[in-house]
Amino acid sequence: MSDDRETDTASESSYQLSRHKKSPSSLTNLSSSSGMTSLSSVSGSVMSVYSGDFGNLEVKGNIQFAIEYVESLKELHVFVAQCKDLAAADVKKQRSDPYVKAYLLPDKGKMGKKKTLVVKKTLNPVYNEILRYKIEKQILKTQKLNLSIWHRDTFKRNSFLGEVELDLETWDWDNKQNKQLRWYPLKRKTAPVALEAENRGEMKLALQYVPEPVPGKKLPTTGEVHIWVKECLDLPLLRGSHLNSFVKCTILPDTSRKSRQKTRAVGKTTNPIFNHTMVYDGFRPEDLMEACVELTVWDHYKLTNQFLGGLRIGFGTGKSYGTEVDWMDSTSEEVALWEKMVNSPNTWIEATLPLRMLLIAKISK
């Protein structure tokens, strides 16, 4: 996925403290509802493999499609013809508004998601659309094709109607019959469990809370959070053997550009050493309850950045300044690191944490 937070190319030297000044109240201003609205919209679709409603509709029916690799174009063509006997999202009227979404997995990047138009008020939609992926054949052979059917309601919420997954590693591309349209029975969702279990590597880092950076001043100064990104270990390879990774940091709920800092990119290794310290000021003790450090790891390739995995370090309470937010979702290990930092001021607390999938908040302008 390319990330719409990505515009600047300058990367600070990795050893200097890249410091930026916030007015002391800037974190607290975020408690107003306006600061929160941007977080409900999700950028790109790192998580849309998972987002939506999985549980409440039965899965039934079939999908008819064909796949072909067009050598001259270096493209995978997925011809989505039609579905039949889908489950009814509108039980009274016995109909749904279905569309088909395609992913190449494990590449959940910008290249990954394609979708058909929505066909309204039917359980037997006809699409006759070709979804195209520009991809080298040898990389394609490491992927799975996931086709899922979704009902889209008037509020643009999605409900899952079933999926099919083809392992392209074992697919016989030379068999003429494999280019014919075929019916496949739709299955229940298996992806979230399988994908969550996928190893995304780890990040070694240390955090420190400095309650009074300038002691002895008459006026109380607000504190700083220092984030020392040391290295990443065993990052996943999305494109063959190439990797050019960097780490981005945002302090939620502040999704403005000024909240974002990043390391330089380190190429040609799945174990990049960054040794980069970021400093955020404007932290009163009560802000530590409400804020969350979002660290995301990206692979920079040509003009796009693909998401590899991330961490959210905070108290994981599900709320920020009284508002329920989906990003306050720290794992027990992430919470433990934040708690130790809060309880041991002026001390570096180190941890190595597993990277995971994140639903990423859009950056506000």
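Visitor: Which residue in β5 is the bridge partner of A102?
Guide: Strands are DSSP runs of E with at least two residues, helices are runs of H or I with at least four, and both are numbered from the N terminus. Two strands pair if DSSP finds at least two bridges between them; β4 and β5 meet this with two bridges, in the antiparallel sense. In β5, the bridge partner of A102 is K114.

Visitor: What average pLDDT does the chain have?
Guide: This is a predicted model, in which local features need pLDDT of at least 70 and side-chain atom pairs count only at pLDDT 80 or more, while totals for chains, interfaces and linings use all residues. Residues are numbered from 1 along each chain as its sequence is written, and side-chain values use heavy atoms, with hydrogens and water left out. The pLDDT is the predictor's confidence in each residue, from 0 to 100. In this chain 77% of the residues score at least 70, and the average pLDDT is 79.

Visitor: Over residues 1–52, under which value does pLDDT stay?
Guide: Where pLDDT is low, the predicted coordinates should not be read in detail. A contact means heavy atoms within 4.5 Å, and the model has 142 contacts beyond four places in sequence for residues 1–52. Over residues 191–197 the pLDDT is also below 50, with twelve contacts in the model beyond near neighbours in sequence. For residues 1–52, pLDDT stays under 50.

Visitor: How many strands are there in the chain?
Guide: The chain has 365 residues, and its regular elements are helices and strands. Besides five helices, the number of strands is 20.

Visitor: Which strands are at the edges of the open sheet β5-β4-β7-β8?
Guide: This sheet has four strands, and their pairing is antiparallel. Within it, β7 (residues 144–152) is joined to β8 by nine bridges, and S148 stands opposite E163 in β8. Each edge strand pairs on one side only; these strands are β5 (114–115) and β8.

Visitor: How many of the ten residues of strand β8 are buried?
Guide: A residue is buried under 20% relative accessible area, exposed over 50% and partly exposed in between (1.4 Å probe, protein chains only). Strand β8 covers residues 158–167 and is largely enclosed by the rest of the structure, because the number of its buried residues is eight.

Visitor: In the open sheet β6-β3-β2-β9, by how many degrees are neighbouring strands turned against each other on average?
Guide: The four strands of this sheet pair in the antiparallel sense, and β2 (residues 62–70) is joined to β3 by nine bridges, with I67 opposite its bridge partner V78 in β3. The edge strands β6 and β9 (182–185) have a single partner strand each, so one side of each is left without a neighbour in the sheet. Strand axes are lines fitted to C-alpha atoms (for helices over the stretch in contact), with angles running from 0 to 180 degrees between N-to-C directions. With direction ignored, the average turn between neighbouring strands of this sheet is 30 degrees.

Visitor: How many residues has the largest nonpolar core?
Guide: A nonpolar core is a set of buried Ala, Val, Leu, Ile, Met, Phe, Trp, Tyr and Cys residues joined through side-chain atoms within 4.5 Å. I227 is among the residues with the most contacts inside the largest core, and among the elements that each supply at least two residues of this core are β11 (223–233) and α5 (332–343). Apart from it lies another core, of 34 residues, including L76 and W173. The number of residues in the largest core is 35.

Visitor: Is P253 buried or exposed?
Guide: P253 lies in the loop between β12 (244–252) and β13 (261–262), and the peptide bond leading to it from L252 is cis, with omega near 10 degrees. The C-alpha atoms of P253 and M328 are separated by 9.4 Å, although the two residues are 75 apart along the chain. Because its relative accessible area is 0%, P253 is buried.

Visitor: What is the relative accessibility of D85?
Guide: D85 is in the loop between β3 (75–84) and β4 (98–105). Its phi is near 60 degrees, a positive value in a residue other than glycine. D85 counts as partly exposed because its relative accessibility is 42%.
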